[in-house]
Structure formats: C-alpha cells, structure tokens
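Student: I am new to this structure and would like a close look at one part of it. Could you take one helix, go through its residues and their neighbours with care, and then show me how that helix fits into the rest of the chain?

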Amino acid sequence: MYKLMILVHPLEDWLKFEEGWPEFLAAAESMPGLIRESTSRVDRMIHGHYAATLVHELYFESMDALKTAFNSPDGQETGQVLQRITNGQFTLLMAHHLEEELANLRAELNAMAGEAAEDQDELNIPPGDRA
C-alpha cells in the first residue's frame, strides 16, 4: 500500500484553512483509486525541528494507483484547493505503507520462535548451547 502524506505547516490564516477544508476533503475523496484517508491534528511537537499543524494521509493500493490519482483531473483540483487554503504552506510525501496489528506480530514471533526451537531439536543441539 502507498500513501500520499500532506503535512500542513503553521498557517497565518487558520480560519481560511478551516473554511476551505471541506472543499479539500470533497476533492480528495473524488480521486480515483483512493482506498481510505486519515487526518491527524498535531497538538504538540515533542522533538525535532519540523513543525506541522496537521497531517492528512491518502491511501492507495500501489504507487501506480497513487500516481494516477495524483495526475488525474481530480488530483489536480485537490492540489489547487490545498494550495489555495494553505497559501502553499505544506509538504507532500509519497510513502510505502506497512501496517500490522501488535497481536499478529506477537503471534508471528511466537510461531518463529517455535520453528527455531524445532530446528535446533532437529540439529540435536543441547538446550544449554542454544542461542
């Protein structure tokens, strides 16, 4: 899965942004191939030098799907709305997105540990010498 990440920088005219946000969402949601989206309003920066007030993410099945959406008429309109409501104060990132539930990760690690123990048993490695 791939995503387009929009990091909105601190704005001088926050009211203009808020008034235009529904128009941006409507335009973004019309982009072809969009699977889902998420919005995070940043309330504090803990460490670092980059300031963002909002992070909006648009998810697509593949990089090709993201590029198609980005270059589509709906994608171009979305970009124009974003440009207008932020006065260009944003950063765009394209990222490969991987996500897993912690319970699934733990189950996979336990299964891998069990397989490793079985492998060591097959190799006749004494328990005290196992890594």
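Tutor: Leaving aside residues up to four places away in sequence, Gly-75 touches Met-31, Ala-69 and Phe-70. This is a predicted model, and in it Gly-75 belongs to helix α3, where its relative accessible area of 8% makes it buried, since buried means under 20%. Another residue to set beside it is Glu-29, which is 46 residues away from Gly-75 in sequence but 9.5 Å away in space, taken from C-alpha to C-alpha.

From that one glycine we can widen the view to the helix as a whole. Helix α3 covers residues 73–86, and its 14 residues should span 20 Å at 1.5 Å a residue, which agrees with the 20 Å that separate its end C-alpha atoms. Which residues of α3 are buried? They are Gly-75, Thr-78, Val-81, Leu-82, Ile-85 and Thr-86. Looked at down the axis of α3, these buried residues fall within an arc of 120°, so they line one face of the helix. The spacing fits a general rule: an α-helix has 3.6 residues a turn, so residues three or four places apart point the same way. On the other side of α3, by contrast, Pro-73 and Gln-80 are exposed.

What covers the buried residues of α3? The cover includes β1 (2–8), α1 (14–28), α2 (63–71) and β4 (90–96). One residue shows a part of this packing in detail: Phe-24, again without counting residues up to four places away in sequence, touches Thr-78, Val-81, Leu-82 and Ile-85, and also Ile-6 and His-56.

Phe-24 also leads us to the interior of the chain. In soluble globular proteins, nonpolar side chains tend to be buried together. Here the largest nonpolar core has 18 residues, and those with the most contacts inside it are Ile-6, Phe-17, Phe-24 and Leu-58. The elements that each give two or more residues to this core are β1, α1, β3 (54–60), α2 and α3, and α1 supplies the largest share, which is four residues. Another core, of five residues, lies apart from this one, and among its members are Met-5, Leu-7, Ala-52 and Val-55.

Helix α3 is also joined to α1 through charged side chains. Side chains of opposite charge can pair when their charged atoms come close. Glu-23 and Arg-84 form such a salt bridge, with their closest N and O atoms 2.8 Å apart, and this pair links distant parts of the chain, as Glu-23 is in helix α1 and Arg-84 in helix α3, 61 residues apart. Glu-23 is partly exposed, with a relative accessible area of 38%, and Arg-84 counts as partly exposed too, at 41%.

A search of the whole structure finds four salt bridges, and two others can be set beside the one on our helix. Glu-57 pairs with Lys-3, the closest N and O atoms being 2.8 Å apart; Glu-57 lies in strand β3 and Lys-3 in strand β1, so this pair ties together parts that are 54 residues apart in sequence. Both Glu-57 and Lys-3 are buried. The side chains of Arg-41 and Glu-18 meet in a salt bridge as well, at 2.9 Å from N to O, which connects strand β2 (residues 34–41) with helix α1 across 23 residues. Arg-41 is partly exposed, with a relative accessible area of 44%, and Glu-18 counts as partly exposed at 30%.

Coming back to the end of our helix, we find Asn-87 following α3, in the loop between α3 and β4. Most residues other than glycine have a negative phi, whereas Asn-87 has a positive value, near 55°. At 49% relative accessibility, Asn-87 counts as partly exposed.

Finally, the helix can be placed within the whole chain, which has four helices and four strands, running β-α-β-β-α-α-β-α from the N terminus on. Of the 131 residues, 27% count as buried. Among contacts with a separation of 6 or more, residues 24 or more positions apart account for 74%.

Definitions and conventions:
Residues numbered from 1 in each chain as written. Predicted model: local features only at pLDDT ≥ 70, side-chain atom pairs only at ≥ 80, totals over all residues. Heavy atoms only, no water. Expected span 1.5 Å × (residues − 1). Buried < 20%, exposed > 50% of the residue type's maximum accessible area, 1.4 Å probe, protein only. Arc of directions from axis to C-beta. Contact = heavy atoms within 4.5 Å. Core = buried A, V, L, I, M, F, W, Y, C linked by side-chain atoms within 4.5 Å.
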